[in-house]
Amino acid sequence: MDLGALFGSFDNFASFTVGGLVFGAIYALIALGYTMVYGVLQLINFAHSEVFMFGTFAVAWIFVLLHGTSDVSWSLGKALPILLVAFVAAMIVSALVALLLERVAYRPLIQKNAPKLIALISAIGASFALSEAMGLRDRFAGWFGLDHKLSNYVSPGAARDVYSNPVSIQPHKLFEIGGYAVSDVDIVIIVAALLMMFALDQFVRRTRFGRGIRAVAQDPESASLMGVNSTRVVQVTFLIGGLMAGAAATLYMMKIGSTRQNAGFILGVKAFTAAVMGGIGNLRGALLGGLLLGIMENWGAAVFGSEWRDVVAFVLLVLILLVRPSGLLGEALGKARA
Amino acid sequence: MLLEVEGLCVNYGHIEAIRDISFGVEEGTITTLIGANGAGKTTTLKTISGLRPVRAGRIVFDGTDITHLPPYERVKMGLSQSPEGRGCFPGMTVRENLDMGAFVRKDTRTPAYQQDLDRVFDLFPRLSERVNQMAGTMSGGEQQMLAMGRALMARPKVVLLDEPSMGLAPKLIAQIFAIIDEIRAQGTTVLLVEQNAAQALKRSDSAHILETGRIIRSGPGRDLAGDASVKAAYLGGDV
Ligand SMILES: Nc1ncnc2c1ncn2[C@@H]1O[C@H](COP(=O)(O)OP(=O)(O)OP(=O)(O)O)[C@@H](O)[C@H]1O
Ligand SMILES: [Mg+2]
């Protein structure tokens, strides 16, 4: 089969591939949160999508705080100082939401040894609660007398509508691959995501605490007998997932520039898919799954039309799981056995 | 007494796994618990390590009441365990497993730490040949050695060994018991659970027989080993 003909021209093929990589990098960062928590607790943190969503709002809030509410279009260089602050703020906000989730939605159940299914229901409930809490933000603002100050950049009358970053970042073309203009924004997203993942991988592999995390993932009872504080490990796992989701949120806002109270849902589902595809519980699997998913769904959209993008993603997932039931790389953090 | 258990009761739901268990472990000795399957031996060790909540009674270790301390605090105090079924970390190498044993130690870059590693490799030469092998790919006997070596890496005051000879060939069993003697000779107190009652009792300073969650007999290991009714019930008749 001639791929070039399928995609119309090779130019489009390259552009869909690079575009897919950029989104794939963001999926991969979010996927790390699912995969880490699953590795340690064998639990799907359904509310992780909301951890990401809060991060995107933190980015927009920082821009409002440091720039104001007038709509402008800046180059990456000009936005960079505020962007760095937003990056840190989003990581902090997402990490705090993740820690809150652990404390409120999971720890009480884990301590009672509740079945995983109950924890999943609790997670779904927490996900709705967090999402609706964000939907109510204007009412909260009203209680503090802030609504008129915020009204400029909240779309008129509709609290739940799209919430745009007042500063939109204008990508600047650096070079071209097969007709696709690779921008500075694309490069920053891919490089930042890879660096974050590399740092995390090294942390888990090389440090004492990282070894403790792997021990809990492989045998929680033995880990306790070695003197690992498993409550602390679970906390740090959520914390790391939150930090990564906050980073992903910043990169997402650089690329997309707007968010909404349910923005986490579809990205969360995609990232979860990426995690399963790569082998849930496996950090490197999350990277591979994320990048692959980003590229494949873009190709799928190119071949079948963009309305089929998400369908392609899931068909791909099912096909991969049929051939490799534990995902592309298996469960390394968790139950890796030869 | 280095370790003292007083009136310990532990439940699984409504099932009483152990009832009113009391015994002590003198420093520098080997103390053994024997008993039929399901008697409550593993439960007793897990409770001493803090993995099971106590319904009644108390545990005193090194003069401190540890009944409600989390497991990691007990490890820090010098209480270490090689659990039933070994519990090696399958996705870690032999060396990483040994390092996990020393998780609570802060001196992992010192010569003292290297000495402790060497000591474990002396006891179990097989481990030194396999430092980079994944624990999950090792044979059952090798994993048992790893689990014991790992428990020693914490430099414990007392080490709890839950059926270290389980599933091993007779020659290897004899080796494991020789190593237990060696561990005690090097100054570590041992609390041992064993199905190989004859071998275990022979070298125990004191021993306790559990039956359906209670201690029904206690005494020096040699006395129990020589007792006719104990022989009939637990030693298959010949010691
Ligand atoms: N997690 C658990 N949930 C429910 N009951 C349990 C659990 N663990 C142990 N029990 C029960 O508690 C009792 C004591 O079990 P324990 O494992 O302590 O026995 P044991 O003396 O170590 O036996 P074995 O020689 O077979 O290892 C048994 O009746 C067992 O069925
Ligand atoms: Mg047992």
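Four salt bridges are counted between chain B and chain A in this predicted model. One salt bridge pairs Glu221(A) with Arg52(B), and the closest N and O atoms of that pair sit 3.2 Å apart. Polar contacts turn up here too: the count between the two chains is seven residue pairs, with both partners at pLDDT 80 or more.

So which helices does chain B bring to the side that touches chain A? Helix H1 (41-49), helix H2 (71-77) and helix H3 (94-101) of chain B each put in at least two residues. H3(B) gives the largest share of that side, with four residues. Sorted by class, the side of chain B that touches chain A holds 12 nonpolar residues, along with seven charged and six polar ones.

Next comes the extent of the interface. The size of an interface is often quoted as the accessible area that is lost when the parts come together. For chain B and chain A, about 2,100 Å² is buried between them, and 62% of this lies on carbon and sulfur atoms. On the chain B side, Tyr72(B), Phe89(B) and Phe103(B) lose the most area to chain A, and together they make up 29% of what that side buries. Counted by residues, 25 from chain B are in contact with 20 from chain A.

Turning to the fold of chain B, there is an open sheet of six strands, lined up in the order E6-E7-E8-E3-E9-E10, with mixed pairing. Strand E6 (79-82) and strand E10 (214-219) of chain B are at the edges; each has a single partner strand, so one side of each has no neighbour in the sheet. Going from one strand to the next, the twist averages 20°.

Strands of a sheet pair up through backbone hydrogen bonds, in either a parallel or an antiparallel way. In chain B, strand E3 (residues 30-35) and strand E8 (residues 189-193) run parallel and are joined by four bridges. What stands opposite Thr31(B) in E8(B)? The residue there is Leu191(B).

Helices also lie against these strands. Helix H7 (residues 170-185) of chain B packs on the sheet, where it touches E3, E7 and E8 of chain B, and its direction makes about 150° with that of E8(B). H1(B), one of the helices that supply residues to the side touching chain A, lies across E3, E6, strand E7 (158-162), E8 and strand E9 (206-211) of chain B. H1(B) runs at about 150° to E7(B).

Technical notes. Residues numbered from 1 in each chain as written. Chains lettered and ligands numbered in written order. Predicted model: local features only at pLDDT ≥ 70, side-chain atom pairs only at ≥ 80, totals over all residues. Heavy atoms only, no water. Contact = heavy atoms within 4.5 Å. Buried area = accessible area lost by both parts, 1.4 Å probe. Salt bridge = Lys/Arg side-chain N within 4 Å of Asp/Glu carboxyl O. Polar contact = N/O pair within 3.5 Å; in protein donor to acceptor, adjacent residues only side chain to side chain. Nonpolar A, V, L, I, M, F, W, Y, C, P; charged D, E, K, R; others polar. Pairing = 2+ DSSP bridges. Axes fitted to C-alpha atoms, helices over the stretch in contact; angles between N-to-C directions.
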